[in-house]
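Student: I am new to this structure. Please show it to me, and then I will ask about its parts.

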Amino acid sequence: MEGSLLEPTLYTVKGIAILDNDGNRILAKYYDKNVFPTAKEQRTFEKNLFNKTHRANAEIIMLDGLTCVYRSNVDLFFYVMGSSHENELILVSVLNCLYDSVSQILRKNVEKRAVLESLDIVMLAMDEICDGGIIIDADSSSVVSRVALRNDDIPIGEQTVAQVFQSAKEQLKWSLLK
C-alpha cells in the first residue's frame, strides 16, 4: 500500500494543542483515537513536541509519524497536527486561523493569563475551526463573529424560549434597579 496513492479524506487534522512556555497543556483536542488513545500518551507526545520545538526557528516538524505545524507567541505555543502525508499548507491555514481567531478574541493580548480567562471562548473557536478532524472554517473573522455572539445580538426569531425569557428577565431587573 505504500506505493499506491492514499484515498483523499476530509479528516485532515489529527490534533490541535496550545501549550505554555513550560510545555504544559493549556488546551488540546485530539481527533484520531488511534494515534494517541490515552491522556498519558497525549501528554508524553506534547512534552516531546515541546522539547523539539521550543528553541527551533522552524514552523514545521515531523514527529512520531505526524506532520506538526506550530507558532509561538510570548508564553504560548500553538500546534496543529496532521498525518505524515497531509498537505502542510492546509495545516498552516488551520494554525493561522486558530492564532488569528484567538488574537482577535483576546484583542491582540495573546498570552497565557488572557487565554485562561477566556478559555470557554477559545475552546468554542477551536470547535468552530475543526470538528472531529474535519476543517470547518479557516477564516478567522467568520470564526470570531460566530463565537462572539451574545444573546442581545441574536435576532429574536433565532433565540430559544429560555434565551428570550432570560433576556426579558435581565431587562426587567435593570429597569427596576434604575
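Student: Which residues in H5 do Ile-121, Leu-124, Ala-125, Glu-128 and Ile-129 in H4 meet?

Tutor: First, a caution: this is a predicted model, where local features need pLDDT of at least 70 and side-chain atom pairs count only at 80 or more, while totals for chains, interfaces and linings use all residues. Residues are numbered from 1 along each chain as its sequence is written, and side-chain values use heavy atoms, without hydrogens or water. Contact means heavy atoms within 4.5 Å. The H5 residues met are Val-143, Arg-146 and Val-147.

Student: How are H4 and H5 oriented to each other?

Tutor: Helices are DSSP runs of H or I with at least four residues. The axes, lines fitted to C-alpha atoms over the stretch in contact, come within 9 Å and cross at roughly 130°. Angles under 35 degrees count as roughly parallel, over 145 as roughly antiparallel, 65 to 115 as roughly perpendicular and the rest as oblique. H4 and H5 are therefore oblique.

Student: Which side chains of strand E3 are buried?

Tutor: Strands are DSSP runs of E with at least two residues. Buried means under 20% relative accessible area, with a 1.4 Å probe and protein chains only. In E3, Ile-60 and Met-62 point to one face and are not buried. On the other face, the buried ones are Ile-61 and Leu-63.

Student: Which residue in E4 stands opposite Ile-60?

Tutor: Strands pair if DSSP finds at least two bridges between them. E3 and E4 pair in the antiparallel sense over four bridges. Opposite Ile-60 stands Val-69.

Terms used. Buried < 20%, exposed > 50% of the residue type's maximum accessible area, 1.4 Å probe, protein only. Axes fitted to C-alpha atoms, helices over the stretch in contact; angles between N-to-C directions.
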